[in-house]
Amino acid sequence: MVSGGHPRAPGAAERSQVPELLSRPSGGRAASMPLLGRDGEPTLFELSSPGRRGWSFRETGVPEWAADELVPAEHLAAAAPALPEVSERDLVAHFSRLSSRNYSVDHGCYPLGSCTMKYNPKLCDAVAAMPGLASCHPAQPDQQVQGWLAMLADLERILCEVTGTAAATLQPAAGAQGELTGLLLMRAWHESRGRRPTKVLIPDSAHGTNPASVTMAGYEAVEVPSDSRGLVDLDALRRLVSDDVAGLMLTNPNTVGLFEVDIEAIAAAVHAADALLYYDGANLNAIVGVVRPGDMGFDIVHLNLHKTFATPHGGGGPGAGPVAVSERLAPFLPGPVPRPVPGEEGRYRWVMPEQSIGRIHGWHGNALVLARAYAYILAHGAEGLPEIARTAVLNARYLKERLRGTYDFPYDGPCMHEFVASSTPLKKTTGVRALDLAKRLIEEGFHPPTMYFPLIVDEALMVEPTETESPQTVEALAQALLAIAAEAAEDGGAAAAAAPRTTPVGRIDEAGAARKLRLTWTG
Ligand SMILES: *Cc1c(COP(=O)(O)O)cnc(C)c1O
């Protein structure tokens with residue numbers, strides 16, 4: 001495997017300075033003999049053996065003394081870094097083993113409510129990997145990347161058409177960044193009219209990013225209560241709207257999976273106070289191609305391209321959160337935006353909108369995520385997009401009805417693409433909590449639903465099967481959830497409390513893991 005020269009492989013002298021941790025036994029186990037598959041995957045440090053390597057570079061022909069001159073001595077480390085030394089074979093095996101312990105949308109049903117963990121067609125990855133797209137540098141002059149500009153301009157046109165808006169920025173890297181962008185646009189619009197309202201209204205069922213973005217944008221978040229239907233309490237909203245309110249952030253369908261049927265009255269109440277209506281597009285999957293936020297009265301719309309269209313997400317990225325706006329907000333959009341060159345048909349250039357709030361992301365956003373969304377939209381076409389929404393809703397409604405009688409539905413209106421069940425009855429009779437159910441469901445081969453969100457539902461399980469699952473898969477998920485409840489009634493919750501028993505690790509201290517980060521291997 002090792003061929004070619006041996007540039008800068010640590011020499012014996014350097015190796016002797018590599019901390020002893022690479023050769024020292026760890027946890028009572030000799031580093032050179034990790035017990036694979038017995039008690040978890042060893043770290044690369046434990047797999048390390050001095051002098052072993054999985055790379056080979058050509059000789060550069062640059063003599064060592066010249067290299068030393070090229071890099072000033074003060075920038076050279078005294079010793080080689082204590083990196084693990086492993087062969088390519090061991091490295092690939094290590095990461096392959098780790099990857100097979102994870103669960104992903106490629107493994108199966110992932111009904112994690114609000115996150116829209118649908119299967120992402122491989123076609124979109126193939127398009128994003130095309131050299132004409134992937135090999136461009138964002139600093140290339142406009143005339144060399146006309147295809148990219150045309151594609152981004154067309155994507156903007158489609159997103160505006162889908163949302164019923166006039167113009168968009170493709171820069172934001174995720175929904176949360178889209179929220180901040182939208183709120184900064186809201187602020188710029190009010191300021192351009194000599195106003196400085198200080199509050200933004202958000203429903204009590206809102207996603208956590210909403211109040212966080214409101215605070216980041218310098219506004220005070222004011223909560224609007226939900227009524228007994230699980231919808232915005234219209235009377236309460238009318239009481240809260242005032243001159244000091246910049247806008248209302250809403251997702252429709254909302255976070256309990258219900259369509260805000262009073263949306264026209266909500267929009268009228270907000271607009272009457274000269275405030276703006278912001279659409280959190282994370283739930284667009286339920287209505288894409290069927291109804292448009294712009295037609296409901298929304299002024300600012302963010303989309304989560306990774307949720308509604310096609311980019312595998314989770315684990316923190318990468319995503320894309322374009323923000324589309326009505327005509328009156330277009331001059332404030334972040335830039336530059338791709339626009340046609342006047343008098344030169346089919347040619348584009350980057351243009352800064354007149355009163356732009358400035359850049360919100362380096363270059364042009366996560367461009368290859370944009371390419372995936374474009375491929376996905378073209379592959380589905382105008383007839384395919386509403387089909388996505390209808391199938392997503394059908395799958396959720398089927399699953400919800402199968403669970404009726406066993407699980408509670410605190411807000412029992414007709415659900416859209418997701419629904420929120422409560423396992424309170426099960427907790428009362430068996431002590432089994434939503435968390436236990438979720439862990440037990442892992443043993444049945446499914447990713448758990450979202451738990452304990454939204455906060456207004458006790459023992460919440462937020463289930464979003466998505467449109468990509470077959471009727472057989474949705475039925476299997478229903479049967480698993482019913483069987484777990486029946487089992488708990490029988491064994492008093494013993495199995496659920498012990499779950500998961502089929503995974504490499506069992507229950508972990510999740511709060512502890514998040515709050516006391518230990519990201520460095522210390523032996
Ligand atoms: C996912 C989500 C967000 C945040 O979007 P990211 O792309 O994860 O930043 C905001 N609101 C709702 C309702 C969501 O589900």
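Here are some short exercises on this predicted model, each with a worked solution.

Residues count from 1 along each chain as its sequence is written. Because the model is predicted, local features need pLDDT of at least 70 and side-chain atom pairs count only at pLDDT 80 or more, while totals for chains, interfaces and linings use all residues; side-chain values use heavy atoms, with hydrogens and water left out.

**Exercise 1. The overall picture**

Find how many helices and strands the protein chain has, and what share of its residues is buried.

*Solution.* Start with the elements: the protein chain has 19 helices and twelve strands. Helices (H or I, at least four residues) and strands (E, at least two) are DSSP runs, numbered from the N terminus. Next, burial: 49% of the 523 residues are buried. Buried means under 20% relative accessible area, exposed means over 50%, and partly exposed is in between (1.4 Å probe, protein chains only). To finish, the C-alpha atoms fill a box of roughly 75 × 75 × 40 Å along the principal axes.

**Exercise 2. Around the ligand**

Work out which helix gives the largest share of the shell around the ligand, and which side chains have an N or O atom at 2.5 Å, 2.6 Å and 2.7 Å from a ligand atom.

*Solution.* First, list the neighbours. Residues around the ligand include Ser 114, Glu 179, His 207, Asp 280, His 306 and Lys 307; a residue is near if one of its heavy atoms lies within 4 Å.

Then go through the polar contacts (N or O pairs within 3.5 Å; within protein, one must be able to donate a hydrogen and the other to accept it, and residues adjacent in sequence count only if both atoms are side-chain atoms). Ser 114 has a side-chain N or O atom 2.5 Å from a ligand oxygen. For Asp 280, the partner is a ligand nitrogen, at 2.6 Å. His 306 has a side-chain N or O atom 2.7 Å from a ligand oxygen.

Now the cover: on its own the ligand has 380 Å² of accessible area, and the protein covers 87% of it. Accessible areas come from the Shrake-Rupley method with a 1.4 Å probe; for residues, only the protein chains shown count as cover.

Last, the elements. Helix 8 (175-192) and helix 13 (305-308) each give two or more residues to the shell, and helix 8 has the largest share, with three.

**Exercise 3. Two helices against the ruler**

Compare the end-to-end reach of helix 7 and helix 8 with the expected span.

*Solution.* The ruler is 1.5 Å times one less than the number of residues. Helix 7 (residues 146-163) has 18 residues, so it should span 26 Å, and its end C-alpha atoms are indeed 26 Å apart. Helix 8 also has 18 residues and reaches 25 Å, close to the expected 26 Å.

Then check the surroundings. In helix 7, 13 of the 18 residues are buried, so the helix is largely enclosed by the rest of the structure. Buried residues of helix 8 include Glu 179, Trp 189 and His 190.

Finally, look at what comes after. Gly 164 follows helix 7 with a positive phi near 70°, and Gly 194 follows helix 8 with a positive phi near 75°.

**Exercise 4. Ring pairs**

Classify the pairs Tyr 279–Phe 298 and Phe 409–Phe 419 as stacked, tilted or edge-to-face.

*Solution.* Rings of Phe, Tyr and Trp (its six-membered ring) pair if their centres lie within 6.5 Å; planes under 30 degrees apart are stacked, over 60 edge-to-face, and the rest tilted. That gives five aromatic pairs. Tyr 279 and Phe 298 sit 4.8 Å apart, centre to centre, with 70° between the planes, which makes them edge-to-face. Tyr 279 is in strand 5 and Phe 298 in the loop between helix 12 and strand 6, so the pair ties together parts 19 residues apart in sequence. Both ends are buried: Tyr 279 at 0% and Phe 298 at 2%.

For Phe 409 and Phe 419, the centres are 5.9 Å apart and the planes at 80°, so this pair is edge-to-face. Phe 409 also has the charged end of Lys 400 over its ring, 5.1 Å from the centre. The rule there is NZ of Lys or CZ of Arg within 6 Å of the ring centre and within 35 degrees of the ring normal.
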